[in-house]
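Dear colleague,

I am passing on the structure below, together with some notes on one helix and one group of aromatic side chains. Please read the notes with the coordinates open beside them.

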Amino acid sequence: MRSTEESAGRPPEGERQAAELRSELDELLRASRYASQRERRLNEAIRATPGRQRPDGDLLRQLAQARTLREGLGARCLQLSDRLEELELHLRQQQHPQHHPEHTEHAEPPAPAPPQATPPPAPAPPARPDLGALTERITGLHRSGALPEAEELLDQAAARLAPADAALLAGMLARRGPTSGTSLRLARTAARSAPEHAVAVLAELRELGLAEEAAELFHAFWAYPAAAVPALLAALERSGQHADSATLLWEWGSAPTPELTSLAANLQQHGRPADVRTLLRQAAGRPTADLVGLATELPPALATLLLQELAVLRPPVEVVRLAAALDGRRDLYGQLLAALLADDARHRTTLAALRAAGLPTAPPAAPRSRWGRR
């Protein structure tokens, strides 16, 4: 017997719900595309800010709203899509039920079908912070003289906000905050987070044209301990910021000898030989006394690499000065001499200067065994 809805010419309830979900999903997808286009246009407008001028605060606020809207619409689209898929599957099962043969009186009753597990609901979209309200709160604390509370709030924001939100907050503070120090502190504090997060904040700051805040964050990278630098360099490279990686190595080339030695060893342990060579080349310009200390403290393989770089990069008069300082260290002097003798035509002038200074220019003879032939 046909249902009342079918006899009245109306589609069943399930089909009507599916049609409503499809219609709502289409509208949300259109709205999501519009929000994405608006976000892209706002990004382009911010990037078009001339020179080092800070981007307009209203544009930053609109960009934050557009991102929040796009992400919220995207999460809602996923929820509706899951509901629609579940409803359509249920409708197909109703329209095409499985056929079971008729049972005889001796046939056993069919086993009850296991209960179908209800699919878990789609996760709710994460709550996005109200960056405008956060900006006003930090500003209000500063103006009331509650500086420790304001700084604590900045530290929490740097640690918890997504990179894009942290950069937007820095931009809003730069435009509307009581002092430029609030945006700079936020950027500087972001360096304390994991390298991937800190590097992502750096990229977002540059995307928004916040040059001072980006420079503050990058300068904070110089304070990383040697053990953390390999991961930081890798994160910079993955994000396409190779020039920053090279700049960090250049800066580390002038670090005190113990820190530089530690970094070279850490880079070697993390399988980054090219970075080790770059670092030692930067260190090759240090004073002779520093180079002797560095060659002494480096692991043997890295000390050899340093001396090879010195033989190529330093002028003959400085190589002679270094050789004289190493004369008491037979192993290190032998490594420097071996680097020169490996290409004696190229280093003819240096070898002649060593002879003129009364320094050995022939490799030391291997020690003879007491049991060898006499």
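The model is a predicted one, and I begin with helix H12, which covers residues 257–269, counts 13 residues and spans 18 Å from its first C-alpha to its last, close to the 18 Å expected at 1.5 Å a residue. Its buried residues are Thr 257, Leu 260, Thr 261, Leu 263, Ala 264, Ala 265, Asn 266 and Leu 267. In general, residues three or four places apart in an α-helix point the same way, because there are 3.6 residues to a turn. The buried residues of H12 pack against five helices, namely H10 (229–238), H11 (242–252), H13 (273–283), H14 (288–297) and H15 (300–313). Just after H12, Gly 271 adopts a positive phi of about 70 degrees.

The second point concerns the aromatic rings, for which the count comes to 3 pairs. The ring centres of Phe 218 and Phe 221 lie 6.2 Å apart with their planes at 80 degrees, and this pair is edge-to-face because planes over 60 degrees apart are classed that way. Phe 218 also pairs edge-to-face with Trp 222, at 6.2 Å centre to centre and 80 degrees between the planes.

As for burial, Phe 218 has a relative accessible area of 8% and is buried, and Phe 221, at 1% relative accessibility, is buried as well, whereas Trp 222, at 35%, counts as partly exposed. Phe 218, Phe 221 and Trp 222 form one aromatic cluster together with Tyr 224.

With best regards

Notes: Residues are numbered from 1 along each chain as its sequence is written. Side-chain values use heavy atoms; hydrogens and water are left out. Helices (H or I, at least four residues) and strands (E, at least two) are DSSP runs, numbered from the N terminus. The expected span of a helix is 1.5 Å times one less than its number of residues. Buried means under 20% relative accessible area, exposed over 50%, partly exposed in between (1.4 Å probe, protein chains only). Contact means heavy atoms within 4.5 Å. Rings of Phe, Tyr and Trp (its six-membered ring) pair if their centres lie within 6.5 Å; planes under 30 degrees apart count as stacked, over 60 as edge-to-face and the rest as tilted.
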